[in-house]
Each structure stands twice: as C-alpha cells, then as structure tokens.
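Student: I should like to learn how helix faces, sheets and salt bridges are read from a set of coordinates. Could we work through one example together?

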Amino acid sequence: EEQEQGRVVVEWPEGETLRLSRRLSFSRLSLAITGHRDWFEVSGELRVDDELALSMKQLLELLRATPGRFIPLGDGQYLALTRELRRQLDDLAALSQGRGKEIRLHPLASFALEGLTSRVGSLKVDEAWRSRLERIRAVQDSCPNPPSTLQAELRDYQVDGFRWLSRMAAMGMGACLADDMGLGKTVQALALLLERGPQGPALVVAPTSVCLNWPAEVGRFAPSLNLRLYAGPQREKLVQDLGPMDVLVASYTLLQQDKKLLAGRKWHTIVLDEAQAIKNVVTKRAQAAMSLEGGFRLITTGTPIENHLGELWTLFNFINPGLLGSQQGFNERFAIPIARAQDQEARKRLKRLIAPFILRRTKAQVLDELPPRTEVALQVEMSPAEAAFYEILRQEALERLAELPEPSSERQFQILAEITRLRLAACHPRLVRSGLDLPSAKLELFAQVVAELVENRHKALIFSQFVSHLTLIRHRLDAMGISYRYLDGRTPAAIRRREIDAFQAGEGDLFLISLKAGGLGLNLTAADYVLHMDPWWNPAVEDQASDRAHRIGQQRPVTVYRLITRHTIEEKIVQLHQDKRDLANSLLDGGDMSGKISAEELLRLIREG
C-alpha cells in the first residue's frame, strides 16, 4: 500500500549487488551562499566518499524524484541520508528556485533554513549574507517602546504586537497582524504609524464601511497624526502634498479606480486593513494593491487563511513579493499536496516558511483581559404545516435539478439558487411565497427571546444575511413596541455612523444588522447579547460579527445565540462549520485541511431530507 501511494520505493535488482553508502549527515555537507541584488545564490556539495561528491543542484534534483532516505544513484548504488538531513534538504528544495545552474533563495526564506545553515560541515558566506544576519540579530535584540504620543494604555499583548511590527519594519520584512477580531489591531497599527510617521507619509486602505472608523480612532489614540480621507475632486493634489506624519485613508474601491495615482508615489508605510479584500489575485482590486510601492507593508486581518491556500499566496505576495515563489510553483509545492494529498510534511514546511511573518493571538490566549463569551444554539421546531411546506420546496428543487445536464455552469448556478430558496424557507415561509399566510416558528422564538432580553434590560445585536428577513423582523418589533437601530449594505455612511453612535449612547434596545454590512469595523460594546438569525457558510464571518460586541472595551459577559431550524438545510450548514474552522486555522495550529465544497456536496445538502 505504501508503495502504491508513492511513499515507498521497493526495488529487487536482478544480478546486482546493492551498495549502500554510510549514513550521511550534516558533517558531509558544504554550503556557499552569495548575495545578489534580490536573491541569494546557494551552492555546495555532499561528500559521499573520497571519490564521489554530488553538487547541490544534482542532490536536490535526486531528492525531488525520490521519497525516503535512500536515494538511488544507479548501478545498484544508494545514498543513505539521516532523517533530519533529508528533512532539511527537502526544505531547501521547496523554498528555492532553480535557474539554469543556479539555486536561488529568497532573502526572507533564510529563517526557515536556519536549521540547515547552522549545522553543515562547511559554510562559506559573503559580506551580503553576514551583514544581513547582523542586522536581523541587532533588531531582534531591540525592545522599542510605544511612542509617547500614543493616547492609549496598551495591554501587554498589544505592546508585544507593536514591538513585533517595529522590528519587522526595521528588518525590511512585510508583516501580517492576524489577531482575533476585537483585540485591537487598529491601535497596534496606529502605534507603528506614529513611530514611522516622521520619515514619510502612510497609506491605509480599508473597506468603505471601515474607512470612516479611522478618523475616529486616530482622533482618539493618535491625534498627532494628520489623517486625510481620500475623497473629493482634488485627490491628485491631495496625494502630491502629503508629507511626514500624514496618513491617507482610501477605500479599496478608490484604490482600484485610482490605481496609477496611488501607485505613482513611494509610501513610507502601507497598511491594508481587512486585507482579505484582496484575497483573489485575479481581481483588479488585488492587482491595484500589488502595484503599490512602500517601505513597509502591513496587512491586518482576523482570518489570514480562510478557505483556500491561493488566498494565502495572494496576501503574502503583497507583503513579501516572491517569498512563496510564483503562484504555479506555490500550487505545485504546497497547495496541491496539502489540499489533495493531505501532505503533512508540505504543510509543516509551509508553516515554517510563513510563521515568522504572521502574528496571531486568539481571545483564548488573552482571555484574562476580556470577559467570557458563551455560545448557545437555539433549536427551532417547525409546525407541521411549515415543515410540510419546506418539504414540498425541497422536492420541487430536486425535480428542477434533475432536468438539467450535469456537469454544467447552469446546473451549478441552479443548485445555489435552490439552496438559497430552502435557506429562506427555513427562516420564514413568506420569504419564498410572499402571499402565504403561514407563521414562522423561528420568528416566534425570536420574539420570545428578545422580549425576555428587553424585560431584563439587556441590549442585543441581531444579524441576518437576508435583508428581506430583517424586514419581517422589523415589522414584528414594531408590533411589539421594541425600539431598535437598523443597518444594511444600502445604508449611507453618514446614517451608518449616526445609527452606531445612537446605539452606543443607549438609544434602542436592539441593533438589526445585515451580516455582510456589519461583520467588520463596528464597535458595539453597548450590547451584551448577539442573535444570529440564520447560519452563514463560513463560521469565521459569523464570529467576526459576534466580535462587534465581544471586543476590547466590553465590560460584561457576552452571550451569542444561533437560531437553527431543525430538519432543514440550516442544520447541514452548521455541520460544515467545524470543517471550515479547521481549514482556516490549519497552518497556525497544525490541523488537517480539506478542499472547497463541490457541486455534488452542495446537491447532497438538498437530497438529504
């Protein structure tokens, strides 16, 4: 079985004598590293015996073609490598690129190869390599303090975050600040912008909904920065006039629209806030971000690795271009072996490569600095009439899909449409048939829960991904006489801010928010309850929404309710959540990975009644 899966090679030479070298370890390996403009060249040899030595290029080619510790040289002769040497050489093979006779290594990949370079029998390096190591060691030993102009009392982990960002910038390395939502990534970034401000202007790019948060945060924590919103007809002059201590905040939409203008000048610091916005490399938005030129590049995101390794490649291609190689090379070396073959060694190699450039702290790690959060699934039991209506819709969906050819783009689209229809029906029958006079068990349970919350003087955030669902909820709350604030994707920015400020000031018992409009950039600590009215595919999006209440500044325990209608597609979506969470965290906590949901898997969600 091991041989069939390519993990073991078994040979039975006929009429030949097997010759096995002595166990070859690091002492037999010599390396030479020479600096060039944008890369280091690696050369060397493995001394097998007094008569035979393999060049580094020959050795790596043999390793790529053969699994295991025993490497065939032909004529019955084999090399025997120690396990640790084989692992370190595999790292070098995965992290380097062959160009003709050269083996090129990205300067930042040196972190992952320290175990190799520190143990070889002979190491020759030039001044470029030595000076780079000296610079790195000097910076790593430094302990910078947050700027005195920062108007915030940073928590210990936030001070550590600032120091890490400062060191990364000093070493010329791009960074990904990936703390959990609500742990204060913005204030850590502001501390860095204050430190680097005197040397030149900074550019911050954020989703439109988040852009208006930056003036408030700068005014509160870093008033000595000169914040400029990128808007209006004089944008070109605005960019030209920027100088030290200036911070320009632009939306991803305007970055894409004014790509040439924003890419036309050198920024001392670039921050991409909620950087998952550029996760798809083929979009114009991502390409506009890649064209920016800056001295230090920082991305912030609560979900650096979502549902596909290609997104990781795009984010790293922004902060440290070339570190993960070309997209094709990355797929061949990492993405395909990890996603399809569950290659644990490839996953570990990738983790070693990216770990120095990601700082991620979870709420569990700093729980003593946040109140606890409790999550409760509320099971909704449909009435017989409502359940019968749902089953009719499910059977109709299967009949329509059976008439379409497979596979086809039309069928894929129709599957998603039918799933959406069933998800709406699980919320309220009237969302599918507007004239249907059939009550919703979920709406009834919601009404009971919020009545009790309001009676006990709690405030809650109510999330739904369907604006039509929020409309029905609003009608019910109006009838109950319960006050609320409201926000969806169509709410103008000025009204959005007014609604947020009013709720934080105590106006309104509930805040109704569409999931995509409110999952990012809101601070709503006036609420101590969160209700998710319908489950979303990616649990990370729901978690981000819940973190609008459970974040720094919250003084009370937070309870999160998820309303799940039994015996519907909602239960199946929730069952997928654990796989999604494992996928999102696998490179950071060592879990396994799985691929995206296929059309057949989607169809199975409908078939299983």
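Student: Which residues of helix H4 are exposed?

Tutor: Buried denotes a relative accessible area under 20%, exposed over 50%, and partly exposed in between (1.4 Å probe, protein chains only). In H4, Glu134, Arg137 and Ala138 are exposed; on the other side, Trp129, Arg132, Ile136 and Val139 are buried. Seen down the helix axis, these buried residues fall within an arc of 100°, so they line one face; the arc is taken over the directions from the axis to the C-beta atoms. This is a predicted model, in which local features need pLDDT of at least 70 and side-chain atom pairs pLDDT 80 or more, while totals for chains, interfaces and linings use all residues. Residues are numbered from 1 along each chain as its sequence is written, and side-chain values use heavy atoms, without hydrogens and water.

Student: Against which elements do the buried residues of H4 pack?

Tutor: Contact means heavy atoms within 4.5 Å. The partners are strands S2 (29-35), S3 (40-47) and S9 (122-125), together with helix H5 (156-170). Such elements are DSSP runs numbered from the N terminus: helices (H or I) of at least four residues, strands (E) of at least two.

Student: What is the strand order in the open sheet of six strands?

Tutor: Strands pair if DSSP finds at least two bridges between them. The order here is S17-S22-S21-S18-S20-S19, with parallel pairing. S17 (373-380) and S19 (484-487) stand at the edges with a single partner strand each, so one side of each lacks a neighbour in the sheet. Within the sheet, S18 (residues 460-464) and S21 (residues 529-532) pair over four bridges, and isoleucine 462 has leucine 531 of S21 as its bridge partner.

Student: How many salt bridges are there?

Tutor: A salt bridge requires a side-chain nitrogen of Lys or Arg within 4 Å of a carboxyl oxygen of Asp or Glu. By this rule there are 30. One of them joins arginine 373 and aspartate 547 at 2.8 Å, N to O. This pair links distant parts of the chain, 174 residues apart: arginine 373 lies in S17, and aspartate 547 in the loop between helix H22 (539-546) and S22.

Student: Is aspartate 547 buried or exposed?

Tutor: Aspartate 547 counts as buried, at 6% relative accessibility, whereas arginine 373 is partly exposed at 25%. Both belong to a network of salt bridges that links Arg373, Glu375, Glu542, Asp543, Asp547 and Arg562.
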